[in-house]
Amino acid sequence: MFPKPLPQLTPNTLEYETLPMVKPTGFREYDARWLFEKEINLMGMQALGMGIGTLIHERGVRPDIVVGHDFRSYSSTIKMAVVNGLMAAGVNVHDIGLALSPMAYFAQFALDVPAVAMITASHNDNGWTGVKMGIDRPLTFGPDEMGRLKEIVLEAAFDLKGGGSYRFVDGFPDVYAKDLTDRAALKRPIKVVAACGNGTAGAFAPKILEALGAEVIPLDAELDHTFPRYNPNPEDMKMLHALRDKVLEVGADVGLGFDGDGDRCGVVDNEGEEIFADKVGVMLARDISALHPNSQFVVDVKSTGLFNTDPVLAANGAKTDYFKTGHSYIKRRVTDLNAIVGFEKSGHYFFNKPIGRGYDDGLVSAIAILDMLDRNPDKTMADLRRDLPKTWGSPTMSPKCADETKYDVVDRVVARFQDMKARGETVAGQPITDLITVNGVRVVSEDGTWGLVRASSNKPELVVVVESPVSEERLHAMFKAVDNVLRENPEVGEYNQTL
């Protein structure tokens, strides 16, 4: 019998090498993330594989699974520990090797395999590892599946029937690339800077964009798992500033920045302006709803209010549903509403038919942006940005808050704003006109300025976003008001970045 995982063990001890360690907080709302060696060990990853395999059988899913891993020094080793666990649970493993997360999602369709387990820490700093999982393509796990997986693993309630198998799928990146490029080329050679932060996307993104007819200038595309310049995260201003500088240096039409596992894409326009992903989403929604009138879109609660107020979207008959932040939540909502696209402020875009297959793929997003430029040869990316109604928005800001306390803190913040509204108190000097509590709290003032607080689903942090359709002054006033409420909770630490 495989032993029950323990929440903490000391490295370089007998126990560490002979017992599984799995910190319970690593089971997030819609995927799993741990600090490798500090919060989970290889036996713990093997237990996770056993748990996934047990859940596959429990749910009556055909026991076949795609696995892949991102470019980190330890990801391949972790993958094989998970593979051992999957095979012990009687699952047939189809290993596509080094991959982007969307490459693994695509493999579910291309190889006709129902389940996926992608070993990646996405944009998290080095030291982190994790798994993005699904057993019902194109969906990935939500809270129900993650909750049940957590129970199985922590209780060691495995069904280790054995009989699993392993095969390596040679050359699969070429199959993925062909799927994206087997189409008409761009009508003009759009000049693109492709920033990859030395992460996994560097092996694939520049070549795929070139095959579409773009003129590509790679930036930090050499694979280096130490991430020497910056973390590959297109929400990180350091990456966006590096992308901006290169765009201006070479006179590019657009800069595209890919995150560590290639499922997100950040954008800098030809004038070096960093365009937050929700604003790029509005631009794409305008373009897509012109081609497909009355389109249904889904966006997360961190996103700009322009999806509801933009006159072009209204004229095109577009409808937008605001929903919980998180790639599994938005992906599922896109499927449920049969939306044509779902957009997250983080840069996860979920293109459904006829553009995509419903999962998030940074290269599909990049191609959609290039197609938009191709359809508007008389306008630059900056022109398209300026065409949007003006709003002032913040980057995603994340104050530290321990996993064990962050949800309690958010509950207190929600209750505080609810009490303020009930008492008729103001926020940033104006009445509170709306509180959206589908995911944390989005507090809206009389002039449309809003601030959001929610718990991060994959790191020991909170998430804060503010936006004003009025002025930069109102943006700062709302941030100060939201931060003042946060500071009533001593568990809240320093921000990673701020206004």
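**Close-ups of a predicted model**

**View 1. Asn126 sits in the loop between strand E4 (115–119) and strand E5 (128–134).** Keep in mind for this and every other view that the model is predicted. How much of Asn126 can be reached from outside? Its relative accessible area is 33%, so Asn126 counts as partly exposed. Who does Asn126 touch, once its neighbours within four places in sequence are left aside? The contacts are Arg72, Tyr74, His225, Thr226 and Phe227. For a sense of distance, try Gln296: it comes 170 residues away from Asn126 along the chain, and the C-alpha atoms of the two are separated by 38 Å.

**View 2. Phe227, one of the contacts of Asn126, has a positive phi.** That angle is near 45 degrees, and Phe227 is a residue other than glycine. Look for Phe227 in the loop between strand E8 (215–219) and helix H8 (237–250). Is Phe227 buried or exposed? With a relative accessible area of 10%, Phe227 is buried, because anything under 20% gets that label.

**View 3. Asn338 also has a positive phi, near 50 degrees.** Like any residue in this view's category, Asn338 is something other than glycine. Asn338 belongs to the loop between helix H12 (327–337) and strand E14 (341–343). Its relative accessible area is 62%, so Asn338 is exposed; the cut-off for that word is over 50%.

**View 4. Tyr349 and Phe351 make an edge-to-face pair within an aromatic cluster.** By the pairing rule, the count for the model comes to 14 aromatic pairs. In the pair of Tyr349 and Phe351, the rings are 6.3 Å apart, centre to centre, with 80 degrees between the planes. Why is this edge-to-face? Because planes over 60 degrees apart are given that name. Tyr349 is buried, at 1% relative accessible area, and Phe351 is buried too, at 1%. Which residues make up the cluster? Phe297, Phe307, Phe343, Tyr349 and Phe351 form it together.

**View 5. Here the charged end of Lys331 sits over the ring of Tyr105.** The distance from that charged end to the centre of the Tyr105 ring is 4.4 Å.

**View 6. In this close-up, Arg442 has its charged end over the ring of Trp450.** How far is the charged end of Arg442 from the centre of the ring? It is 3.5 Å away.

**View 7. A nonpolar patch on the surface is formed by Met80, Tyr166 and Phe168.** Taken together, Met80, Tyr166 and Phe168 have about 280 Å² of accessible area. Zoom in on Tyr166, which is part of strand E6 (residues 165–168). Tyr166 has a relative accessible area of 36%, so Tyr166 is partly exposed.

**View 8. The peptide bond from Arg137 to Pro138 is cis.** Omega for this bond is near 0 degrees. Where is Pro138? Find it in the loop between E5 and helix H5 (143–154).

**View 9. Another cis peptide bond runs from Lys353 to Pro354.** This time, omega is near 5 degrees. Pro354 lies in the loop that links strand E15 (349–351) and helix H13 (362–375). The residues of View 4 turn up again here, as Tyr349 and Phe351 are the numbers that bound E15.

Technical notes:
Residues are numbered from 1 along each chain as its sequence is written. This is a predicted model: local features need pLDDT of at least 70, side-chain atom pairs count only at pLDDT 80 or more; totals for chains, interfaces and linings use all residues. Side-chain values use heavy atoms; hydrogens and water are left out. Rings of Phe, Tyr and Trp (its six-membered ring) pair if their centres lie within 6.5 Å; planes under 30 degrees apart count as stacked, over 60 as edge-to-face and the rest as tilted. Buried means under 20% relative accessible area, exposed over 50%, partly exposed in between (1.4 Å probe, protein chains only). A charge sits over a ring if NZ of Lys or CZ of Arg is within 6 Å of the ring centre and within 35 degrees of the ring normal. Patches are made of residues with over 30% relative accessible area and no salt bridge: like charges are joined within 9 Å, nonpolar side chains (Val, Leu, Ile, Met, Phe, Trp, Tyr) within 5 Å. Accessible areas come from the Shrake-Rupley method with a 1.4 Å probe; for residues, only the protein chains shown count as cover. A salt bridge is a side-chain nitrogen of Lys or Arg within 4 Å of a carboxyl oxygen of Asp or Glu. Helices (H or I, at least four residues) and strands (E, at least two) are DSSP runs, numbered from the N terminus. Contact means heavy atoms within 4.5 Å.
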